[in-house]
Amino acid sequence: MKILITEDYEQMSRHAARILASQLTLKPDSVLGLATGGTVTGMYQRLIALHREDGLDFSQAQAFNLDEYLPIAPEDPQSYHTFMQTHLFSQVNFSAGSTHIPNGLAADAEAECRRYEASIEAAGGIDIQVLGIGRNGHIGFNEPDITFEAGTHQVTLDEQTLLDNARFFPSVAAVPKRAISMGIKTIMHARRILLLASGLEKSDAVHRMINGKITPALPASILQLHPDVILVIDRDAAALLPEGLRTSGSVAKEAQHV
Ligand code: GLP
């Protein structure tokens with residue numbers, strides 16, 4: 001695991017955008033795995049700026065998002081379809097049909113999970129997967145559990161996640177209770193993983209992800225087994241890490257135990 005600790009959210013967003021931009025520059029037809037949430041919006045703003053100012057080109061790339069609520073209409077203001085359109089897709093130059101998000105209105109959600117998984121495989125797999133992390137250690141919508149779910153699957157959202165995500169909805173009751181999410185195997189098959197975290201409220205999950213035991217009770221802990229993970233986290237999110245890892249700087253540090 002490479003760990004890059006930044007001063008703040010802005011610097012985290014800039015560094016993360018640069019990593020994605022270099023991926024796209026070196027491999028213009030990259031398959032990007034994308035995430036939603038407050039953590040990644042700053043990175044998307046930077047990518048939009050790089051597209052407008054430096055010509056960063058998305059036209060040959062493909063994108064697969066981690067998850068979508070169930071049920072939810074794509075045009076619903078709180079859907080992840082709308083989120084991605086607003087924060088990235090409508091402002092850069094992905095080609096038509098090259099961005100993918102699970103269908104939150106699928107009549108047969110099981111079939112939709114199989115279709116989504118197959119379409120990632122057909123695209124050649126994910127080159128770089130962007131992840132945020134839930135306060136409970138979830139990645140995508142892989143909630144704490146007693147087993148790791150493998151492929152794209154239906155999930156019932158954790159009470160904590162409903163409360164955390166209620167800020168995007170009129171009320172907690174309005175947050176859909178279910179979702180479709182890439183599974184742990186889907187995420188672990190990505191060739192590279194870029195995880196972002198910001199704020200003290202993520203510090204416990206970040207600490208347990210890096211230093212705790214690997215357990216489905218903290219789904220992000222599985223990333224200890226991935227060969228190419230870059231964590232870009234701000235100082236607050238790193239607050240519980242051992243001193244040696246905590247000093248901020250532009251050089252990525254290797255977690256000692258991995
Ligand atoms: C949501 C998403 C996750 C995201 C997490 C953190 O539940 N499904 O992919 O990582 O929340 O969100 P935020 O960045 O808003 O803290």
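Q: What makes the approach of Ile133 to the ligand a polar contact?
A: In this predicted model, a polar backbone atom of Ile133 is 3.5 Å from an oxygen atom of the ligand, and because a polar contact is a pair of N or O atoms within 3.5 Å, the pair qualifies.

Q: Which side chains offer a polar atom to an oxygen atom of the ligand, and how do you know that these pairs count?
A: A polar side-chain atom of Asn165 lies 3.1 Å from an oxygen atom of the ligand, and for Arg167 the corresponding value is 2.5 Å; both pairs therefore count under the cut-off of 3.5 Å. As for cover, the ligand taken alone exposes 390 Å², of which the protein buries 94%.

Q: Which residues surround the ligand, and where does the ligand sit?
A: The ligand is surrounded by 15 residues, the closest being Gly38, Thr39, Asp67, Arg167 and Lys202, and the space that the ligand takes is the largest pocket. Sorted by class, this shell has four nonpolar, eight polar and three charged residues.

Q: Why is the pair of Phe64 and Tyr116 called edge-to-face?
A: The structure holds eight aromatic pairs, and one of them joins Phe64 and Tyr116, with 5.9 Å from centre to centre and 75° between the planes. Because rings pair if their centres lie within 6.5 Å and planes over 60 degrees apart count as edge-to-face, both conditions are met.

Q: Which parts does the pair of Phe64 and Tyr116 tie together?
A: Phe64 belongs to strand E3 (residues 62-65) and Tyr116 to helix H4 (residues 109-122), so the pair ties together parts that are 52 residues apart in sequence.

Conventions. Residues numbered from 1 in each chain as written. Predicted model: local features only at pLDDT ≥ 70, side-chain atom pairs only at ≥ 80, totals over all residues. Heavy atoms only, no water. Near = heavy atom within 4 Å. Polar contact = N/O pair within 3.5 Å; in protein donor to acceptor, adjacent residues only side chain to side chain. Areas by Shrake-Rupley, 256 points an atom, 1.4 Å probe, with all protein chains shown as cover. 1 Å grid on protein atoms, 1.4 Å probe; cavity = no way out; pocket = protein on both sides within 12 Å on 5 of 7 lines; lining within 4 Å. Sits in = over half its atoms within 2 Å of the grid points. Nonpolar A, V, L, I, M, F, W, Y, C, P; charged D, E, K, R; others polar. Phe/Tyr/Trp six-rings, centres within 6.5 Å; stacked < 30°, edge-to-face > 60°. Helix = DSSP H or I, 4+ residues; strand = E, 2+ residues; numbered from the N terminus.
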